[in-house]
There are 2 protein chains.
Amino acid sequence: MINAVEYIRHFISAEGRNLGNGILKVDALLNHQILPEVMQAFGQEFARRFASQRVTRILTAEISGIAPAVMTGLALNVPVVYARKKRPVTMSGPVYLAEAASRTKGGTNELVVSAEFLLAGDRVLVIDDFLARGQTSAALLNLVREAGATPVGLGCVVEKAFEGGRAYLHANGFAEVSVESLASILSMDDGKIVLAD
Amino acid sequence: MINAVEYIRHFISAEGRNLGNGILKVDALLNHQILPEVMQAFGQEFARRFASQRVTRILTAEISGIAPAVMTGLALNVPVVYARKKRPVTMSGPVYLAEAASRTKGGTNELVVSAEFLLAGDRVLVIDDFLARGQTSAALLNLVREAGATPVGLGCVVEKAFEGGRAYLHANGFAEVSVESLASILSMDDGKIVLAD
């Protein structure tokens, strides 16, 4: 069996590339190629960490959050919803909307979820590939609140701790939401990648 | 255990919505919400149908192809690659590019795959949520050819047979690629949804 934490830590150390400006290239595992068995191990680890939270639904954002979210959903046996960045033609009816500031594009990204798939009474675990400044995570958690549901946790595969996502969530109304990352990066200065112990 | 074919056929009949112009709303299963156990059954069914093809890699397109592709990859124990519609900042180095005509947007969509993740010698199974006119499928199969790899099959959850995707692939150099769909729709005229037997 794959140890999720050992795997991701080793992968970042051995194959992660620091592209500068806090950008970490882990395409071979998260953002372009997916190794399904590894992703399943990540999902099982999130399921273990949030086992006591009586999760009824998982929410993520397209695109790279989908694979870890689906594997967590498989382990917890709950539905997964992915927020869309553009409202597709098939999304009729009421929606919840949240905005997240975008670093790469400037301005804001919108996240949209159909009201059909986020219900008052749901206990929602948010899963994403990265936690960086916390903008996307906060937008997802805001969608949960807007629906009258309860955000019970946030799980991300890689946390860029030096970008302050946890503090941002704490300061923006989500202090009580439990945050779990499988690997945490303390610094990407000088072309290095320093992992937390 | 979930019977993939029965499930998708029943779902389309009971909950699929014909929005006109050949647009089928199946958001609750494929394009917005994902039921992980159902998706796993779809992946296992694709794995069974392509078991003899010695698949070494699965290729799909973001966004809604990711979940069925990952579950098929899990069943076949091979890596999955999802072609991107925009080249992300982390995608450095050589890429393969293909274009697919877009109905909703007009013009063309580009699909990009890093050359790192599609290798000559690979035997590639293309998985997607829909097969409609065959434009996206052909673009994915062209990416495989461009890499010098062998396209060994195309699996899609829902085929809109009345849009002629198979004939398009046949006429565009992929006559020998085996195509499998879990449910095939013969017609969406007059607000109805007619499934093939």
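# Briefing: a predicted two-chain model

Ala132(A) touches Lys160(A), Glu163(A) and Gly165(A), leaving out residues up to four places away in sequence. The model is predicted. Chain A and chain B meet through 33 residues on each side. A rotation of 180° lays chain A on chain B with an RMSD of 0.0 Å.

**Annotated positions around Ala132(A)**

- A UniProt "binding site" annotation, from an unreviewed entry, covers Ala132(A), Arg133(A), Gly134(A), Gln135(A) and Thr136(A).
- Ala132(A) sits in the loop between strand E8 (123-131) and helix H5 (135-146) of chain A.
- Is Ala132(A) buried or exposed? Ala132(A) is buried, because 23 other C-beta atoms lie within 10 Å, and 20 or more are enough for that label.
- Gln135(A) belongs to helix H5 of chain A.
- Gln135(A) also counts as buried, because it has 20 C-beta neighbours inside 10 Å.
- Beyond its neighbours within four places in sequence, Gln135(A) is in contact with Ala100(A) and Ala101(A).

**A second annotation: Leu24(A), Asn31(A) and Lys160(A)**

- UniProt, again in an unreviewed entry, gives a "binding site" annotation to Leu24(A), Asn31(A) and Lys160(A).
- Leu24(A) lies in strand E2 (residues 24-25) of chain A.
- Leu24(A) counts as buried, because it has 20 C-beta neighbours inside 10 Å.
- Its contacts, setting aside neighbours within four places in sequence, are Gly16(A), Asn18(A), Val158(A) and Met188(A).
- Lys160(A) is part of strand E9 (residues 150-160) of chain A.
- With 23 C-beta neighbours inside 10 Å, Lys160(A) is buried too.
- Which residues does Lys160(A) contact, leaving aside neighbours within four places in sequence? They are Gly22(A), Phe130(A), Ala132(A) and Ile185(A).
- The contact between Lys160(A) and Ala132(A) links a residue of this annotation to a residue of the other one, as their contact lists show.

**Where the chains meet**

- On chain A, 33 residues are in contact with 33 residues of chain B.
- The elements of chain A that each give two or more residues to this side are helix H2 (27-31), strand E3 (33-34), helix H3 (36-49), helix H4 (66-76) and strand E5 (80-83).
- Which element gives the largest share of this side of chain A? H4(A) does, with five residues.
- By class, this side of chain A has 19 nonpolar, nine polar and five charged residues.
- Strands pair across the two chains as well: E5(A) and strand E3 (residues 33-34) of chain B run antiparallel, over two bridges.
- Val80(A) stands opposite Ile34(B) in E3(B).

**How the copies are related**

- Chain A superposes on chain B after a rotation of 180°, with 0.0 Å of shift along the axis.
- The two copies are therefore related as by a two-fold rotation axis.
- Both copies use the same surface: 100% of the contact residues of chain A recur in chain B.

**Strand E8 of chain B and its partners**

- Strand E8 (residues 123-131) of chain B is largely enclosed by the rest of the structure, because eight of its nine residues are buried.
- Strand E4 (residues 57-61) of chain B pairs with E8(B) in the parallel sense, over three bridges.
- Ile58(B) has Leu125(B) in E8(B) as its bridge partner.
- How many bridges join E8(B) to strand E9 (residues 150-160) of chain B? There are eight, and the two strands run parallel.
- Asp128(B) stands opposite Cys156(B) in E9(B).
- From E8(B), the chain crosses through helix H5 (residues 135-146) of chain B to E9(B), and this β-α-β crossover is right-handed.

**Two helices of chain B**

- Helix H4 (residues 66-76) of chain B is mostly covered, with eleven of its eleven residues buried.
- Among them are Ile66(B), Val70(B), Met71(B), Gly73(B) and Leu76(B).
- Asn77(B) follows H4(B) and has a positive phi, near 55°.
- Arg48(B) lies in helix H3 (residues 36-49) of chain B.
- Arg48(B) is exposed, because just 12 other C-beta atoms lie within 10 Å, and 12 or fewer earns that label.
- The C-alpha atoms of Arg48(B) and Ile63(B) are separated by 24 Å, and these residues are 15 apart along the chain.

Notes: Residues are numbered from 1 along each chain as its sequence is written. Chains are lettered from A and ligands numbered from 1 in the order in which they are written. This is a predicted model: local features need pLDDT of at least 70, side-chain atom pairs count only at pLDDT 80 or more; totals for chains, interfaces and linings use all residues. Two residues are in contact if their C-beta atoms, placed from the backbone, lie within 7 Å. Helices (H or I, at least four residues) and strands (E, at least two) are DSSP runs, numbered from the N terminus. Ala, Val, Leu, Ile, Met, Phe, Trp, Tyr, Cys and Pro count as nonpolar, Asp, Glu, Lys and Arg as charged, and the others, Gly among them, as polar. Two strands pair if DSSP finds at least two bridges between them. UniProt positions are given in the numbering used here, feature names are shortened, and annotations may be inferred rather than shown by experiment. Copies are superposed by least squares on the C-alpha atoms of residues with pLDDT of at least 70 in both. A crossover is right-handed if, with the strands pointing away from the viewer, the path from the first strand over the helix to the second runs clockwise.
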